[in-house]
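Reader: Hi! I'm in my first year and still learning how to look at protein models. Could you take one part of this one and walk me through it slowly?

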Amino acid sequence: RPEIGVLALQGDVREHVRALEAAGARAVPVRRPSEVEAVDALVLPGGESTTMWRLARTFDVLEPLRARIAGGMPAYGSCAGMILLADRVLDGVEGQETFGGLDITVRRNAFGRQVDSFEADVEVDGVPGDAVHAVFIRAPWVEQTGPGVQELARVKGGAADGRIVAVRGGPTQGLVATSFHPELTGDLRVHALFVDVVRQSL
Ligand code: GLN
């Protein structure tokens, strides 16, 4: 079983730990540089990207995380985690930095006030079976993708019709990001997809 860390600075860490364990991985909370070095892969949870960025600096894991992601370690980010994996952020706070690795531009809090939080069924490439019931909470969307980034899902219908909400890319195609939170629904298929990505990287 691969050992997958969950960045445990802020956000819905426990939900990801549970989902990863249920999807067949060993999941461990990670907050120190030595822990960042030890895991096979990392999940960046949902929460608040600005808070996680600031805490990552305080705990001296910003650079170690950047280096491991740039070096090909697989990572999966949901919502705030998607922002943290993006190379470029629109509507971030002044000076907001990310860990980067995914050649995408994300727009933070993109869905706007009326649909701050909403749910939709989205078909995700690589996830077999029915559409995924996706929960969006003050979510980002992907505004632009660079070469080498695969779109995995778009919203269908409604005000956000056609917006990209799941991608895969990175130095070894080991980076996965979703605007939504599969860790909150009990549907393990996105976590299972990521666990497969990690297994293939070992
Ligand atoms: N709006 C949050 C941010 O900018 C993300 C929200 C979430 O993770 N549910 O980080």
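Author: Happily; we will take the annotated active site, then what surrounds it, and finish with some strands.

A word on the model first. This is a predicted model, and its chain averages a pLDDT of 96, with 99% of the residues scoring at least 70. The scores for the model as a whole are ipTM 0.96 and pTM 0.97. As a habit for any prediction, remember that coordinates should not be read in detail where pLDDT is low.

Now to the site. Which residues does the annotation "active site" cover? According to the UniProt record, an unreviewed entry, they are Cys79, His181 and Glu183. These residues span 105 positions in sequence, yet no two of their C-alpha atoms are more than 10.8 Å apart, so they gather at one spot. Try finding them along the sequence, and then again in the 3D view.

Let's start with His181. You will find His181 in the loop between β12 (175-178) and α6 (189-201). Is His181 buried or exposed? His181 is buried, because 23 other C-beta atoms lie within 10 Å, and the cut-off for that label is 20 or more. If we set aside residues up to four places away in sequence, His181 touches Gly46, Ser78, Cys79, Val135 and Ile137. Notice Cys79 in that list, since Cys79 is also covered by the annotation.

Glu183 lies in the loop between β12 and α6 as well. Glu183 has 30 C-beta neighbours inside 10 Å, so Glu183 counts as buried. Leaving out neighbours within four places in sequence, the contacts of Glu183 are Asp12, Glu15, His16, Ala19 and Ser78. Ser78 turns up here, and Ser78 is also on the list for His181.

Next, the ligand. The residues around the ligand are Gly46, Gly47, Glu48, Ser49, Cys79, Ala80, Ile83, Arg108, Asn109, Ile137 and Arg138. Sorted by class, this shell holds 4 nonpolar, 4 polar and 3 charged residues. Cys79 is part of the shell and belongs to the annotated site too. Gly46 and Ile137 are in the shell, and both are touched by His181.

We can now follow the chain into the strands. Ser78, which His181 touches, falls within strand β4 (residues 75-78). Strand β4 runs parallel to β3, and 3 bridges join them. One place to look is Leu44, whose bridge partner in β4 is Gly77. Strand β3 (residues 41-44) is covered on both faces: Ala41 and Val43 on one side, and Leu42 and Leu44 on the other, are all buried. If that alternation puzzles you, side chains in a regular strand alternate between the two faces of the sheet.

β3 also pairs with β1, in the parallel sense, over 3 bridges. There, Val6 stands opposite Val43 in β3. Strand β1 (residues 3-7) is mostly covered, with 4 of its 5 residues buried. β1 pairs in turn with strand β2 (residues 26-30), again in the parallel sense, over 5 bridges. To see one of these pairs, look for Ile4 and its bridge partner in β2, Ala27.

So that is the route to trace on screen: from the annotated residues Cys79, His181 and Glu183, to the ligand shell that includes Cys79, and then across the strands, with β4 joined to β3, β3 paired with β1, and β1 paired with β2.

Note on methods. Residues are numbered from 1 along each chain as its sequence is written. This is a predicted model: local features need pLDDT of at least 70, side-chain atom pairs count only at pLDDT 80 or more; totals for chains, interfaces and linings use all residues. UniProt positions are given in the numbering used here, feature names are shortened, and annotations may be inferred rather than shown by experiment. Helices (H or I, at least four residues) and strands (E, at least two) are DSSP runs, numbered from the N terminus. A residue is buried if 20 or more other C-beta atoms lie within 10 Å of its own, exposed if 12 or fewer, and partly exposed in between; C-beta atoms are placed from the backbone. Two residues are in contact if their C-beta atoms, placed from the backbone, lie within 7 Å. pLDDT is the predictor's confidence in each residue, from 0 to 100. A residue is near a molecule or strand if its C-beta atom, placed from the backbone, lies within 6 Å of it. Ala, Val, Leu, Ile, Met, Phe, Trp, Tyr, Cys and Pro count as nonpolar, Asp, Glu, Lys and Arg as charged, and the others, Gly among them, as polar. Two strands pair if DSSP finds at least two bridges between them.
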